[in-house]
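Hi there,

Here is the structure I promised to pass on to you. Have a look at it first, and then read on for my notes.

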Amino acid sequence: MLTKRIIACLDVDAGRVVKGVQFTNLRDAGDPGTLAQAHAANGADEIVLLDISAAHQHRAILLDTVRRTAKELFIPFTVGGGIRTLDDAARVFAAGADKISINSAAIANPSLITQIATRFGAQAVVVAIDAKRGAEQGIEQREALPHWQAFTRGGRTATGHDAIAWAQEAESRGAGEILLTSMDRDGTASGFDCDLTRAVAAAVRIPVIASGGAGGAAHFAEVFRAGHADAALAASIFHYGIGSIAELKRQLSAENISVRWPC
Amino acid sequence: MTIAIVDYGAGNLTSVKKAFDHLGEACAITSDAAEVSRAAKIVLPGVGHFASTAGLANSGMQLAIAQAIDRDVPFLGICVGMQWMFTGSDESLETRGLSLFSGNCARFPATVKSPHVGWNQLQISSSSRLFRGLSNASFVYFTHSYRAPIVDHTVACCEYGGQFSAAVERGHLFGVQFHPEKSGDAGLEILRNFCEL
């Protein structure tokens, strides 16, 4: 049976792993290479590295950090942040990434999704959507339904795009997976946004990775069952040792959620 | 003598090379038919579209691979590389495979999400050399939208929208639908078994 994936995310700033609450107030959590190894050994199914300041600082991703992190990593490795062109993506793949994640650049130039998918395969293209609940500018009010707006540049810029419609467009343009972050829940440890995750999972046929809000095993169980997520991603709860991935998988397994355990 | 990792312009081969580097095996990414002919072992990775394998025929590498296979040079096809060992794929009807195994690769049924992405369990047959030392229900990483049918030489099955061939093996020929270079310790063990043939 296809298992539910547990993904460890490394938010990187200036070559170091950092973690903030709701996208700000960053604090240091360690070296990305060391942390990626530790998470893989502890049962992570996948590693995501996001260069969180590349997009808003208008600079290229730190290729040396990607290379160093990828070198001894033998599970899938996704890299995002500051990828604006097909050439940027090619350099990140050459540095050792298996998939790239694009957000701001995909909104600005949706054909980039197709370009990268055509050259490297749809499986290599993850479209990241940072979604925030509420009726912001540019989104038509749909009665009695919750709705979410997509944001770019590390949560700094509202796009006016409805997150669900954007996920569908990303799929139609060749995205292989959606990495869906709830900005409302990110860093709060209060649980994933299951309504958001379920809404997007129902709207697309590609895998949806839920992100933002993980605080404990019950939250993962909830987003797999009620949120219909194919994978769930967390950062701080793993880095600070609040919960180990091995222990999380043991608990999910005991609750009859299919995970790669023991691995 | 080294392992030739065949580059036919289909995606990213860095991960495959990295895994052989980790195992301490000499290997080189190449798109040169002469280098493929000289190799001690050949690996045909594949991420992307079945149609991209057409580049093998045009570059002379298909001939070099077919001749090496006739000389019993160990050959490993990964993902689309394994599908290319079959007759063909519905993904690109005008592109022919090598027909080393009979059968056609087809899309997953509409009852399941496609692509099949993530870690799934193998059901390994005991006679396989590629899976020597692995536990029967090992987890490996898949990412694909088309799958090969079960054939006489299937040595590992996987269940997703029905059973499909996760691995085939006949003599010096090996094909895996999953990505051993991305499948953690189990995957590295499979690659080590191939290196030690």
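Let me start with a question: in what order do the strands of the three-stranded open sheet in chain B run, and how are they paired? The order is 5-6-10, and the pairing is mixed. Please keep in mind while you browse that this is a predicted model.

Staying with that sheet, its edges are formed by strand 5 (88-89) and strand 10 (146-147) of chain B, each of which pairs on one side only. Strand 6 of chain B, covering residues 104-107, runs antiparallel to strand 10 of chain B, and two bridges join them. If you would like a spot to zoom in on, try Arg107(B), which stands opposite Tyr146(B) in strand 10 of chain B. As a general reminder, the strands of a sheet pair through backbone hydrogen bonds, in either a parallel or an antiparallel way.

Next, the place where the two chains meet. Here 25 residues of chain A are in contact with 28 residues of chain B. On the chain B side, at least two residues each come from helix 1 (14-22), strand 7 (116-121), strand 9 (139-144) and helix 6 (184-195). Strand 7 of chain B gives the most to this side, with six residues. By character, the residues that chain B brings to the contact with chain A divide into 14 polar, nine nonpolar and five charged.

Now over to chain A. Its secondary structure comes to ten helices and twelve strands. Chain A has 263 residues, of which 56% count as buried. Among the contacts in chain A with a separation of 6 or more, 63% are between residues 24 or more positions apart.

One helix pair in chain A is worth a visit too. Helix 1 (residues 32-41) and helix 2 (residues 63-70) of chain A pack with their axes 8 Å apart, at an angle of about 30°. Because of that angle, helix 1 of chain A is roughly parallel to helix 2 of chain A. The crossing of these two helices of chain A is right-handed. Helix 1 of chain A brings Pro32(A), Gly33(A) and Ala36(A) to the contact, where they meet Thr65(A), Arg68(A) and Thr69(A) of helix 2 of chain A. The residues of this helix contact divide into three polar, two nonpolar and one charged.

Happy browsing, and do write back with any questions.

Best wishes

Terms used. Residues numbered from 1 in each chain as written. Chains lettered and ligands numbered in written order. Predicted model: local features only at pLDDT ≥ 70, side-chain atom pairs only at ≥ 80, totals over all residues. Axes fitted to C-alpha atoms, helices over the stretch in contact; angles between N-to-C directions. Helix = DSSP H or I, 4+ residues; strand = E, 2+ residues; numbered from the N terminus. Parallel < 35°, antiparallel > 145°, perpendicular 65-115°, else oblique. Left-handed = near helix turned anticlockwise from the far one by under 90°. Contact = placed C-beta atoms within 7 Å. Nonpolar A, V, L, I, M, F, W, Y, C, P; charged D, E, K, R; others polar. Buried ≥ 20, exposed ≤ 12 C-beta atoms within 10 Å, placed from the backbone. Pairing = 2+ DSSP bridges.
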